[in-house]
Structures are given as C-alpha cells and as structure tokens.
Amino acid sequence: MFSKKTWKRKMNKYRSAIGTIGAVLLLAGAIIQITRLMWAPYLYLAGAILFAYTQITDRYEGQNLIIRRLRRQQMIGAALLILAGVMMLIWNRNEWVLCLTIAAVLELYTAFRIPQEMEKERK
C-alpha cells in the first residue's frame, strides 16, 4: 500500500478540505437540530469528528509553552464538539447547547491566538 511518509503527505494535502467539510457539516447539523429532525445529530456528529480529526492530527513540534497550551485548549474544544454531538443523540433536551458554546469559545480563542503566537515565534 502506502508508506507512512506517503500517507502523511496525502493526508496533509487533503487536511484543509476535510476540515472545511467537517465545519460545514457541523454547522448544518447544529442549525438543523433546532428543527428536531431525526438525522440532524448524526450530521453534526460526522462534521464534529472530521473537524476534530484535522485539529488533533495537526502537530506542533516547537518548544513554545504558550502554543502548546493553546493546542491543548484547541483539542479540548474539539473533544467538546464531539461530546455535544453525543449529547444530542443521548438526551432530547438542550444541554448540548452549553457544551457547544464552551467548545465554540475555546475554538474561537485558539483560532486567533495560535497564529499570533506563531508569528511572534518566527520573529
């Protein structure tokens, strides 16, 4: 099949597309969940898994402690996105909204802070 190096190269090529598709599915599933359609949690969960996959497989090899902390926060946010999808499936109430809100705050914060810290590190 593929060597490990070839596999990584192929996945790096498609990582952005996978993340974008995951984000679109995640958003569509959350919006459709408001209407209580039966398949909305599955759509959301598929998007959350794809989105989380791209974030978890993205590695930081440097020694900057701030970026390492931000990456951990990003991974917690990704895990909370998946947990919100599981909560949609298990419970028929709106507890998932709180979990989704916390995940969104973590993801938004790290989306702005990581590039800032990377730019500082390059200088």
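# Group meeting talk: a four-helix chain

Okay, let's start with one residue. Arg36 touches Asn92, Arg93 and Asn94, leaving aside residues up to four places away in sequence; contact here means heavy atoms within 4.5 Å. Before I go on, this is a predicted model, where local features need pLDDT of at least 70, side-chain atom pairs count only at pLDDT 80 or more, and totals for chains, interfaces and linings use all residues. Residues are numbered from 1 along each chain as its sequence is written, and side-chain values use heavy atoms, with hydrogens and water left out.

Back to Arg36. You'll find Arg36 in the loop between helix H1 (4–33) and H2. Helices are DSSP runs of H or I with at least four residues, strands are E runs of at least two, and both are numbered from the N terminus. Is Arg36 buried or exposed? Neither, really: Arg36 counts as partly exposed because its relative accessibility is 46%. The cut-offs are under 20% relative accessible area for buried, over 50% for exposed, and partly exposed in between, using a 1.4 Å probe and protein chains only.

Now the backbone. Most residues other than glycine have a negative phi. Arg36, though, has a phi near 65°, which is a positive value in a residue other than glycine. Arg36 also sits 10.0 Å from Met88, C-alpha to C-alpha, with their positions 52 residues apart along the chain.

Let's zoom out. How many helices and strands are there? The chain has four helices and zero strands, so to speak in shorthand, from the N terminus on, it's α-α-α-α. The C-alpha trace spans about 50 × 40 × 20 Å along its principal axes. Of the 123 residues in the chain, 34% are buried. And if you take the contacts with a separation of 6 or more, 65% of them are between residues 24 or more positions apart.

Next, how the helices pack. Two packed helices are described by the angle between their axes and the distance between the axes. Helix H2 (residues 40–57) packs on helix H3 (residues 65–90) at an angle of about 165°, and their axes are 9 Å apart. The axes are lines fitted to C-alpha atoms, for helices over the stretch in contact, and the angles run from 0 to 180 degrees between N-to-C directions. That makes H2 roughly antiparallel to H3. The words go like this: under 35 degrees is roughly parallel, over 145 roughly antiparallel, 65 to 115 roughly perpendicular, and the rest oblique.

H2 and H3 cross in a left-handed way, where left-handed means the near helix is turned anticlockwise from the far one by less than a right angle, and right-handed means clockwise. Who makes the contact? On the H2 side, the residues include Tyr44, Leu45 and Ala48, and on the H3 side they include Leu81, Ile82 and Val86. The residues of this contact divide into 17 nonpolar, three polar and one charged. Nonpolar covers Ala, Val, Leu, Ile, Met, Phe, Trp, Tyr, Cys and Pro; charged covers Asp, Glu, Lys and Arg; the others, Gly among them, are polar.

Then there's H3 with H4. Their axes come within 8 Å and cross at roughly 155°, which makes H3 roughly antiparallel to H4. H3 passes H4 in a left-handed crossing. This contact divides into 20 nonpolar, four polar and seven charged residues.

Now the inside. The largest nonpolar core has 13 residues, and those touching the most other members are Leu26, Tyr44, Ala48, Leu81, Ala84, Trp96 and Leu100. A nonpolar core is a set of buried Ala, Val, Leu, Ile, Met, Phe, Trp, Tyr and Cys residues joined through side-chain atoms within 4.5 Å. H1, H2, H3 and helix H4 (95–122) each give two or more residues to this core.

Look at Ala84, in helix H3. Ala84 is buried because its relative accessible area is 0%. Not counting residues up to four places away in sequence, Ala84 touches Tyr44, Trp96, Cys99 and Leu100. Ala84 and Leu100 are 16 residues apart in sequence and 5.7 Å apart in space, C-alpha to C-alpha.

Last one: Ile66, also in helix H3. Ile66 is partly exposed, at 34% relative accessible area. Ile66 touches Arg113 and Glu117, again skipping residues up to four places away in sequence.
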